[in-house]
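The following paragraphs offer a guided reading of a protein and its ligand. The reader is invited to keep the model in view throughout.

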Amino acid sequence: MASPLRFDGRVVLVTGAGGGLGRAYALAFAERGASVVVNDLGGDFRGVGKGSSAADKVVEEIRSKGGKAVANYDSVEAGEKVVKTALDAFGRIDVVVNNAGILRDGSFARISDEDWDIIHRVHLRGSFQVTRAAWDHMKKQKFGRIIMTTSASGIYGNFGQANYSAAKLGLLGLSNTIALEGKKSNIHCNTIAPTAGSRMTQTVMPEDLLETLKPDYVAPLVLWLCHESCEENGGLFEVGGGWIGKLRWERSLGAIVRQKNQPMTPEGVKANWKKICDFENATKPQRIQESIGSIIGVLSKIDSDGGVSTNHMSHAASTAPSGFARAIGYKFPPFSSAYTELETIMYALGVGASVKEPKDMKFIYEGSSDFSCLPTFGVIVAQKPLVGGGLGGVPELPISLEKVLHGEQYLELYKPLPRSGNLKCEAVIADVLDKGSGLVILMDVYSYFEKELICYNQFSLFLVGSGGIGGKRTSDKVKEAVAVPNRPPDAVLTDVTSLNQAALYRLSGDWNPLHIDPNFSSFAGFDKPILHGLCTFGFSARHVLQKFADNDASRFKAIKVRFSKPVYPGQTIKTEMWKEGNRIHFQTKIHETGDIVISNAYVDLVPASGISAKTSSAHEELQSTLVFEEIGRRLGDIGREVVKKVDAVFEWHITKGGNTAAKWTIDLKNGSGKVYQGPAVGSADTTFTLSDEDFMEVVLGKLDPQKAFFSGRLKARGNILLSQKLQMILKDYAKL
Ligand code: NAI
């Protein structure tokens, strides 16, 4: 037999416990070990009068059975005083059962202001006052269980009880929100609509029915909902006579009755009325996001569709067997992604690159001689359709944004990403798969730099709960995830994420409040804001590059990951890696919990030898090569003189297509000066970085180096003042 549910050490406050249902709760809690505060004002069922005997009797009854109880005779409207009795007598408060109540029935038109107000004051305001007085104590101790008492009159309406119905359903709204706000502190709030014989119901129920509907048939539900082992939160239950049922909301699929650039009319509503009220295939929304999310989905649907006035959700379901013919192959409007070093550095910091690690400097300091853009920045340039709401425009798909999960990600680079640039991107729905529990949408994004395809992304998006409508299960378009080898990892790297990690990462373009707003994340069912999956992805990819490619971005070829669990900012990301040839398999865990957050993942690397060939061929095309060689020749004649004037070594990083294509050194410090290819032997006084084209413009006198510096086209590091002297020399050579 299951072990009995005990309440030893718990302090329970039951309001209106001098009789009826409240008395039954108080006795049951006390019998199972709780210390009970028996609150009752002691008036009649209309709330007239007061007295201490009702509460005293129940306290005596409890004590006579060996239980612990104290009485409180205040009205629930004085919530602080009621809760103070618990704190004074027992030192804490664990459970609040808001049960006190009165009736002031009368047909709607005859309800006086007084009868309206007192009903609201006792039921709604009283429950608020008592609960608020207990709230902070519950929060501090990270435990609390609260019951609100509504009524079938509120849920369904009842003749002669307009005031009571309104106040009672108000309690459900109060409970719904408290349940969300309390969740992270382990405070749960549930609502019951009881039916039981009591003095309150004796006027409306026949006597034999009153006898059979005992309050004792309600109390066990209240005890279970208030037990520490009960996870239920935000629920609504009807209970009576030994039966218990749970209630929830249902919403029809509804109809879109508006067309783009057309007024919305009552006639349009009338024409669609049947569909609006049709509960076939109805949804059961549980959270406010589901409500707001589908409305936002409708907006983008109308906007992109030209406003075909149909019920798009049922439309999608009915055309499903045809295999989403209009969705597959759908091309999003082309878009561009422009970025500078600012964005790539912000991204690198967002995925944990740090000055603590000297080898990371190349990703976070634009003056580094080998400054590079992290390869996984390739997802950022492509993410616009996902983060910009474009998904809502895909025809046929029942996309309501709050149900979209990012399931997997593939990224392949054909060239290293330039340090800055404007990429043109094309996105297409490559395929739609029906996995039963949901649909998988494959969205492919191709990004071009100067007309050349530079990277390809495949986003796998999972639409929760939309599957099971007969589509195909697999596709040759899928970039498959691959299981990690069955042996201990070859390498493991860890990084502690900062509490600000998501706040920093979101600056790279994914502004979803789920990652920063505690209210939003708790609505979404998380204890606190979660880290972006693609942020964890960036951390792990960095780990692989660091461990197996010496942080050389040009060695990166492709990455595939599957997201399996969320990470909270502040947790430690641990990447376990296995090397198999040029493929580095990996999985990512949270160090503190051992949970796998990225599974079945790999990075493909370009073999080290493949790189040098690529770099040297780029050299040959540089115009600047001729100039450096010429400067070198001229130095032979006037070198000594120039060395005296300048006395400095200059290093040049010439870029092509955003990447460093050549390095040159002009040594005007030693001997009679020297120009040679490669970084400075010893150290350079000043290092310049600029493109081959800009170098030529500077040399030909078409571009003022100072202006180029301030506009960011020329980067200078080290002793920048020395560049004045160099300008003089370059100008001389311009005359050559
Ligand atoms: P009841 O009249 O036997 O018990 C209510 C108790 O609350 C009384 O002892 C009364 O003195 C006390 N009370 C009234 N005003 C108070 C105040 N301002 N401060 C402190 N105590 C106060 O009624 P019953 O049936 O046990 O009702 C309990 C709760 O269940 C009520 O909230 C009622 O609205 C609700 N309910 C009961 C149903 C039933 O079938 N009995 C149906 C639906 C809801």
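In this predicted model, an open sheet of 10 strands follows the order E9-E11-E12-E13-E10-E15-E18-E17-E16-E14, and its pairing is antiparallel. At the edges stand strand E9 (335–339) and strand E14 (491–496); each has a single partner strand, so one side of each is left without a neighbour in the sheet. On average, neighbouring strands here are turned by 20° against each other, direction ignored.

Within this sheet, strand E12 (residues 438–449) and strand E13 (residues 452–464) pair in the antiparallel sense over 12 bridges. One such pairing can be located at the residue level: Tyr 448 has Leu 453 in E13 as its bridge partner. Helix H19 (residues 533–548) lies across strand E10 (404–413), E14, strand E15 (556–563), strand E16 (572–580), strand E17 (583–590) and strand E18 (596–605). The direction of H19 makes about 50° with that of E16.

Another open sheet has 8 strands in the order E3-E2-E1-E4-E5-E6-E7-E8, with mixed pairing. Its edge strands are strand E3 (68–72) and strand E8 (243–247), each of which pairs on one side only. For this sheet, the average turn between neighbouring strands is 20°, direction ignored. Strand E7 (residues 236–240) pairs with E8 in the antiparallel sense over 5 bridges, and Phe 237 has Lys 246 in E8 as its bridge partner.

Helices also meet this sheet. H1 lies across strand E1 (11–14), strand E2 (35–39), strand E4 (95–97) and E6, and runs at about 170° to E1. Helix H3 (residues 79–90) packs on the sheet as well, touching E1, E2 and E3, and its direction makes about 145° with that of E3.

Attention now turns to the ligand. Which elements supply at least two residues each of the shell around the ligand? They include helix H1 (20–31), helix H4 (113–141), helix H6 (162–182) and strand E6 (187–195). In total, 30 residues surround the ligand, and the closest are Leu 21, Asp 40, Asn 99, Tyr 164 and Ser 198. By residue class, the shell divides into 10 nonpolar, 16 polar and 4 charged.

Polar contacts involve both backbone and side-chain atoms. An oxygen atom of the ligand lies 2.8 Å from a polar backbone atom of Leu 21, and a ligand oxygen atom is 3.4 Å from a polar backbone atom of Gly 101. A nitrogen atom of the ligand is 3.0 Å from an N or O atom in the side chain of Ser 75. The protein covers 95% of the 820 Å² of accessible area that the ligand has on its own.

Key
Residues are numbered from 1 along each chain as its sequence is written. This is a predicted model: local features need pLDDT of at least 70, side-chain atom pairs count only at pLDDT 80 or more; totals for chains, interfaces and linings use all residues. Side-chain values use heavy atoms; hydrogens and water are left out. A residue is near a molecule or strand if one of its heavy atoms lies within 4 Å of it. A polar contact is a pair of N or O atoms within 3.5 Å; within protein, one must be able to donate a hydrogen and the other to accept it, and residues adjacent in sequence count only if both atoms are side-chain atoms. Accessible areas come from the Shrake-Rupley method with a 1.4 Å probe; for residues, only the protein chains shown count as cover. Helices (H or I, at least four residues) and strands (E, at least two) are DSSP runs, numbered from the N terminus. Ala, Val, Leu, Ile, Met, Phe, Trp, Tyr, Cys and Pro count as nonpolar, Asp, Glu, Lys and Arg as charged, and the others, Gly among them, as polar. Two strands pair if DSSP finds at least two bridges between them. Axes are lines fitted to C-alpha atoms, for helices over the stretch in contact, and angles run from 0 to 180 degrees between N-to-C directions. Contact means heavy atoms within 4.5 Å.
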